[in-house]
Amino acid sequence: MQWLSFPEGENGTMEEASRTQASSTARLLRRATGVLGHALRGSRDELGLVESAANWLWRRVRVPVRTGMLGAGLAAFLLAAAPGKARAATDCLACHADKSMTDASGHSIAVDGQKFSASIHGSLQCNSCHTDIKGYPHPDHPAPVQCRTCHVDEATALTGSVHADGKEHPCTSCHGDPHAIFPKTDARSAVYPLNVPRTCGNCHSNDGMAKKHGLPSVYPSYMDSIHGYALTEEGLLVAANCQSCHGSHNILSHKDPSSPTYKTNIPKTCGNCHAKIDTEYEAGIHGKALASGDLKAPVCTDCHTAHAILQPTEAAFRMQSTPICGSCHSDKFTTYRDTFHSQLGLLGGYVETARCWDCHRAHDVLPATDPHSSISKANLVTTCGHCHAGANASFVQYEPHANSRDLKLNPGLYLVRLFMNLLLISVLTFFVIHTIMWLIRSRYEQVKKNGANGGNHA
Amino acid sequence: MPELERVAMENQEQASGKTRYFLRFTSGQRYLHAVLFTTFLGLAATGLPLRFSESVWARAFARGVGGFGAILFFHKLCAAVLTLAFLIHVKDIFTRKLVNREKGIFWGPTSMVANWKDARDLIGHFKWFLGLGPRPRFERYAYWEKFDYWAVFWGMVVIGFSGYAMWFAPFFARFLPGWALNAVLVIHSEEGLLAILFIFSIHFVNTHLRPDSFPMDMVIFTGVESEEEFKAKRPMEYERLVREGKLEKRLAEAPGSWQINFSRVVGYTAIVIGMVLLVLTLTAYFG
C-alpha cells in the first residue's frame, strides 16, 4: 500500500479504502497515461488515443480491481512508465501541513491534507500536478501547475474567452483553493450552482475587479434580482446563475456574435429556461424584427435588464417599465403621458393602471392590424375589459395615445384643448392685470388717507 | 384699514354701543360657502398631484396618504358632497323664484345675473385704477363677485360633468363619441387648473387680501358687517335700502368673539392651504 500511498480516511473501513483505492487507481491510471502521452508526443489526437486506451484498459480491469490487487498491480506497472517518481502526499505534508508555512513573498504554501484528500483530486499525487518536483529538496519556485494537462477541453475553451488574459491563475480564480477542489455537484465546490454568484462576485462587484477594470458591478444587481432571490433565498438549483447565461470556461463578450449574451442569441439563452415566453416572443413583432436582422428590436434584457431582473408583477418593475418601451417608442410615450393611465401610474401605490404591455402584451406584441393582436379591433373590448368592467364597443373608441397637439390626427381634442387653454390664459391675464392695478390703487388711497407711511399697520 | 385693527376698534365702539351690524349672508349661504371651500380645497389637494403626477411633491404626497387609491377616494368623496351642495343650491334658487315668487332672483340689483351697471362699473373701476374717475359705487354684488359666482357655476357644470364622465366612463360611452372620452380629461384638468389658479390668486386677493379687507373679509363667516364697512363697500345697496326703508330689517347682532376667532382659524387655514397649493401648482407648471 505504501508505494501508492493513497490518502486514507481516518474512519474508513478496509472495504471502503479498497473501493476508494480502486476508483482512484483508475483515475490515476488515466491521468498518468494522459501525462505520459502528453509529455511524449504533445499532440492532442495522440493523447486522446492514449487516454482512450487507458479508459479501455480500465473498463477491462474494473471488476478484478474491485476484488483484488490485479488493478493495483497494473496501475503500478503503468505508473512506472511515468516520468519522475511519484512522491507520496504524506511525504510532502511532512512540511506543508504546517499551517504557518509561507514562501519567500509571504504567500501561504500550507496544504490541508484532510481537505485535499476529500477533494476531487484527493487520489492524485502531489507531483501529478507539481510535475517539476522530483524529490526533496525541491526548487524554491516550482513551475505553475498546468491544469490543461488533464483538463484540455476546458483549458482550450478558456483560452478563447474573456478570461484568457487573467493574471491570476485562470482556474483557481473560479474553482478556489487548488487543494480543495470539488465537483460542481458538491455543495462545497466554488462552482456549485448556489455558490457561483459569490465566486463570480469576487471580481464582478464594486469591491473587486469590476471597479478596477471599469466593468459594471453586476453582483449586487444579480443578488437583488428574481434569479438571485430564487437561488440564494429559496436555494433553487435550477434558478439562473451567472454561468447559466454566460457559460463557464468559454465566456465571451456580449459583442461577440457567438456569445450566448450577444443580442440575437439572448432570446434563445433565456429560452433555455423560459421556453414558452421565447416562443411567444419570436411570434411577436419584436422577435420577427430581430430575426430579420433588426438589431434595434428589443430582446429580453432590454426590458428586463440583464442582471437586476425583477418579478414583472412587482410594483418597482411596473413603475420602471413604460420608460423602457418609451426609449424607442418616444412618440407613443409622449401621448401616453398625457393620459389618465400615465398620471395615475406615476403616483406610487397605484401601480395597477395600464402600462404598455398591459394592452400590447409583453412578449407576443402584434400590430393592431393583426387579428391575433390584443389591440385589434375585435379584441379591444376584452383587452380594455381586463381593468374596465363594462367596457363596450363605444368605450373602446377611447384613444389611449390621442394627441391633443395634433390638429390633423385628433381635431376634436385639439380644438377642445385650444379652447380650454385660451379660456385659462384670457381669464387669468385679465384678472391678474385687474388685481394688480386694483392693489396699487387701493394702497395709494390708503397711504393718502392715513398719512405718508400708510398707517400703523400698513 | 387692516382687519385686525378694525376689529379691535369695532369691539371698543361696540362697547360704547355705537356700531350697528347688518346681515349680508344668511346662514344657508355661509354653510354653502363653507361646504364649497372645504370640498374645493379637498378636490384641489387631491387633484393637483394627479395633474402634476411627475413632480416630486405629488409622489411624496401620494405616498404619504396611502397612494393613489386614497387620493382617488377623497377626490370622489369631495366631488360627491360638492355636487350635492350644488344641486341643493340650484333647487333653492328655483324654489325661491317659482314657489316663493321672490323678486330679484334673475334680474335687478340683488340678482347674480350681470347687467349694464356691471359693465359700466368694470370700466369705471379701471378708470379709477388709473386715476381717471371716481370709484364706482357698487350694488349688493359687484361685477367681480358675480364673476366669481358664475365662474364657480360654470366650473361646477364643466368639471363635474367631465369628472363623472371619467368616473362612469363605460356608461357615458353609450351616448358620447369615442374621442369625447379623451376630451373629458383635457377639459377636467384644464378647467380644474383654471379654477385653482383663479381661486387661490384672484379670489383670495380680490376678496380677502386687498387693503380694504386685509387680511380677511370675515363677512362670509360671520354673515354680518359693520355699517361703516357696508356703506364704504356697497354704497348703492345701502342707499337703496334706506330709500326703500328696508335697512332696519337687515340689522343684526354683532359677531361674538368666539365667532370671529373661529372664523379666523378656519379662514386663515383655508387661505394658507390655498397659497401652498398655488405655489406647488406654479412650481410644477413652470418647473
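Here are some questions and answers about this predicted model, taken a region at a time.

User: Hello! In chain B, where is confidence lowest?

Analyst: Let's begin with the whole chain: the mean pLDDT of chain B is 90, and 94% of its residues reach 70 or more. Confidence is highest in helix α5 (residues 116–129) of chain B, at a mean of 96. Where pLDDT is low, the predicted coordinates should not be read in detail. In chain B, the helix to treat that way has a mean of 57, and it is helix α1 (residues 3–15).

User: How are α8(B) and α12(B) set to each other, and which word describes that?

Analyst: Helix α8 spans residues 178–209 of chain B and helix α12 spans residues 257–286 of chain B. Their axes come within 10 Å and cross at roughly 135°. Roughly antiparallel would need an angle over 145 degrees, so the word for α8(B) and α12(B) is oblique.

User: How many nonpolar residues does the contact of α8(B) with α12(B) have?

Analyst: α8(B) passes α12(B) in a left-handed crossing. On the α8(B) side, the contact includes Leu193(B), Ile196(B), Phe200(B) and Phe204(B), and on the α12(B) side it includes Ile271(B), Met275(B), Leu278(B) and Tyr285(B). By class, there are no charged residues and four polar ones, and the nonpolar residues number 13.

User: What is the orientation of α2(B) to α8(B)?

Analyst: Helix α2 covers residues 27–51 of chain B, and its axis comes within 11 Å of that of α8(B). The two axes cross at roughly 125°. That angle lies above the 65 to 115 degrees that count as roughly perpendicular, so α2(B) to α8(B) is oblique.

User: How many charged residues are in the contact of α2(B) with α8(B)?

Analyst: Here too the crossing is left-handed, with α2(B) passing α8(B). Among the residues in contact are Phe40(B), Leu48(B) and Arg51(B) of α2(B), and Glu190(B), Leu193(B) and Phe200(B) of α8(B). The residues divide into nine nonpolar and one polar, and the charged ones number two.

User: Which strands are at the edges of the sheet in chain B?

Analyst: This open sheet has three strands with antiparallel pairing, in the order β2-β1-β3. An edge strand pairs on one side only, and that holds for β2 (224–226) and β3 (251–252) of chain B. The edge strands are therefore β2(B) and β3(B).

User: What is the bridge partner of Tyr21(B) in β2(B)?

Analyst: Strand β1 (residues 21–23) of chain B runs antiparallel to β2(B), and three bridges join them. Looking across from Tyr21(B) into β2(B), the bridge partner is Ser226(B).

User: Which residue follows the cis peptide bond from Phe214(B), and where does it lie?

Analyst: The peptide bond after Phe214(B) is cis, with omega near -5°, and leads to Pro215(B). Pro215(B) lies in the loop between α8 and α9 (219–222) of chain B. Chain A also has a cis bond, from Tyr136(A) to Pro137(A), with omega near 0°. As for the bond from Phe214(B), the residue is Pro215(B).

User: How far apart in space are His227(A) and Ala239(A)?

Analyst: His227(A) lies in helix α12 (residues 226–233) of chain A. Not counting residues up to four places away in sequence, His227(A) touches Tyr222(A), Ala239(A), Ala240(A), His274(A) and Ile309(A). His227(A) and Ala239(A) are 12 residues apart in sequence, and their C-alpha to C-alpha distance is 5.8 Å.

How values were computed. Residues are numbered from 1 along each chain as its sequence is written. Chains are lettered from A and ligands numbered from 1 in the order in which they are written. This is a predicted model: local features need pLDDT of at least 70, side-chain atom pairs count only at pLDDT 80 or more; totals for chains, interfaces and linings use all residues. Side-chain values use heavy atoms; hydrogens and water are left out. pLDDT is the predictor's confidence in each residue, from 0 to 100. Helices (H or I, at least four residues) and strands (E, at least two) are DSSP runs, numbered from the N terminus. Axes are lines fitted to C-alpha atoms, for helices over the stretch in contact, and angles run from 0 to 180 degrees between N-to-C directions. Angles under 35 degrees count as roughly parallel, over 145 as roughly antiparallel, 65 to 115 as roughly perpendicular and the rest as oblique. A crossing is left-handed if the near helix is turned anticlockwise from the far one by less than a right angle, and right-handed if clockwise. Contact means heavy atoms within 4.5 Å. Ala, Val, Leu, Ile, Met, Phe, Trp, Tyr, Cys and Pro count as nonpolar, Asp, Glu, Lys and Arg as charged, and the others, Gly among them, as polar. Two strands pair if DSSP finds at least two bridges between them.
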